[in-house]
Amino acid sequence: MCGIVGYIGQQDTKELLLNGLEKLEYRGYDSAGIAMLNDSGLNLFKVKGRIARLREKVDMNVQATMGIGHTRWATHGVPSEDNAHPHQSASGRFTIVHNGVIENYQALKNEYLQDVSFGSQTDTEVIVQLIEKLSEEYDTTEQAFRKAMDMLKGSYAIALIDEKDNETLYVAKNKSPLLVGIGDGFNVVASDAMATLKVTDQYVEIQDKEVVLVKRDQVEIQKLDGTTVEREPYTAQIDVSDTEKGTYPHFMLKEIDEQPLVMRKIIKEYQNGDNELKLDSAIRDAMKACDRIYIIAAGTSYHAGLVGKQLIENIATIPVEVHVASEFSYNMPLLSEKPLFIFISQSGETADSRAVLVKVKELGHPALTITNVPGSTLSREADYTLHLYAGPEIAVASTKAYTAQIAVLAILAVDTAQAKGNNLDFDPMQELGIVASAMEALTDQKEAIEALARDYLSTTRNAFFIGRSTDYNVSMEGSLKLKEISYIQAEGFAGGELKHGTIALIEDGTPVIALSTQENVNYSIRGNVQEVVARGANAMVISMKGLEQDDDAFVLPQVHELLTPLVSVVPLQLLAYYAALHRDRDVDKPRNLAKSVTVE
Ligand code: M6R
């Protein structure tokens, strides 16, 4: 979703802002802009479309040592140059970039800004016009800024320039992520450390309803009442090279290939020198103490949660419910007496999940976040965190985070089972090691999968994925991958459900991709394949070694039957990748999508 980058220092700011925005491209956006302040005033450049267009538009002769930049993912108002950020107040004195959604923007507009003429359809413009209005009443911009922040309802991460003050970037946040990066003689602002890692790895966390005055050599954090807050910076644990594509044509392909490495990293991080599981004992206690687990997540993380349910119920023998975050808040089920909430989120910033976490904390229930970003909002606000160790995931389509989530859930399940004294015939680290090797064998077979993608998916309008039991969960993930990057209409179904309605859609040549990795449902899913073939479907069976039949399109190396999703998803990820390539899609940045969905 939207991204923010800001700089105040001694160097020319253009390249830093443009480079920072390029690093944020992966989050998804539809327009972009930068504003730079120098002695001759404010220089503003905005475009609809990609940063490459912005680069062409920016006047490279402009020199400035402070500026702000933004990538916008449209919420209020269509994607256009007028609606692109930065936005300016009526006089042009104040210039703002904003992530989030201002819920009371219409009320503020009606009450305080009736005489102001607006240049955009955005909620953001209301903020900057309000600050200008308040600056007429208050002695300083700092006071007007704090007052304005106090009047906003909703989510925001904000950076503001006052044309009359070339010494300060005014920054604030509530519910949307924002960091201040500390440099030597300069400071930066970013919605994601990825944007500014090239210049600093030292960051200060900003908490909700705080404002920050960012100067060249000083950072002052304040509460909304003006009292100051002291906070030490921390070191961001991201390697810059992990954020580069290297020799790969796309981040998605690189991230698919990284999955065996991620499995091995997880094995290393969750094991002590005696080959025993190494988990925070507080997490173990929370798992043991609960009578039911509620997994909350969105998209791919939700699909990992469905697999997690099977792992936890089978291994740790605790009942588990899995809920889509955006539905849970409005439709909360009756909770058990001692619930434990597990939030699964690659980014740790998904607003839908965060809304549930806020409610859960109000109700006083314990919460564990499983995330790839330990300092993220969901991680900070939960009681406990388990790290995915997957390294930065840049492609919008989640791949290595999904398999990392399942691996960490398996480890959590086994750790709990051991603590409960359950009888176990399952060494998770050994089994994950086998999975890593199987993944390698799969990623070495790209040509075969590319050929399948060409044969089955290069021209079709729709496709179905079917499976039973855990294969059904993976079929949903396979269909999400395909639809989000190739734009083929795809659905994942429980094999047995097809004949209750959806089989009506099967025509001559309709691709049906069936998974068969579980012995107990092998017979039935093959029956479902026969049913669709009899109606003209172009069926492709992906089976596990030991269950294969002569006509199967692809045979997966054998792994423990509880961990099959970790390998069966790999060919589905590659099928989606190659189907998207054959259709000339923007694989890493699919249309309309954002990497981190920070609005509800
Ligand atoms: O960062 P999160 O894991 O919370 O994100 C949840 C979903 O937005 C995400 O998984 C989305 O579905 C991906 N685009 C899937 O590839």
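**Close-ups: a strand trio and a buried lysine**

**View 1. I221 of β13 meets its bridge partner in β14.** Opposite I221, the residue to look for is V229, its bridge partner in β14. Keep in mind that this is a predicted model. The pairing of β13 with β14 (residues 228–229) is antiparallel and takes two bridges.

**View 2. A glycine sits in the turn from β13 to β14.** Four residues lie between the strands of this hairpin. One of the hairpin's residues, G226, has a positive phi, near 95°.

**View 3. On to the pairing of β12 with β13.** Here β12 (residues 210–214) and β13 (residues 219–223) run antiparallel, joined by five bridges. Pick out L213 and you'll find E220 of β13 standing opposite. The link from β12 to β13 is a hairpin, again worth tracing: four residues carry the chain across. As a general reminder when reading strands, side chains in a regular strand alternate between the two faces of the sheet.

**View 4. K14 is a buried lysine in helix α1.** The helix spans residues 14–24, and K14 lies in it. K14 counts as buried because its relative accessibility is just 5%, with under 20% being the cut-off for that label.

**View 5. Polar company for the K14 side chain.** The side chains of K14 and D12 make a polar contact of 2.7 Å. A polar atom of the K14 side chain also lies 3.2 Å from the backbone oxygen of M60.

**View 6. Who else touches K14?** Setting aside neighbours within four places in sequence, K14 is in contact with M36, V58, D59, M60, V62 and Q63. M60, then, turns up both in this contact list and as the owner of the backbone oxygen in the previous view.

How values were computed: Residues are numbered from 1 along each chain as its sequence is written. This is a predicted model: local features need pLDDT of at least 70, side-chain atom pairs count only at pLDDT 80 or more; totals for chains, interfaces and linings use all residues. Side-chain values use heavy atoms; hydrogens and water are left out. Two strands pair if DSSP finds at least two bridges between them. Buried means under 20% relative accessible area, exposed over 50%, partly exposed in between (1.4 Å probe, protein chains only). A polar contact is a pair of N or O atoms within 3.5 Å; within protein, one must be able to donate a hydrogen and the other to accept it, and residues adjacent in sequence count only if both atoms are side-chain atoms. Contact means heavy atoms within 4.5 Å.
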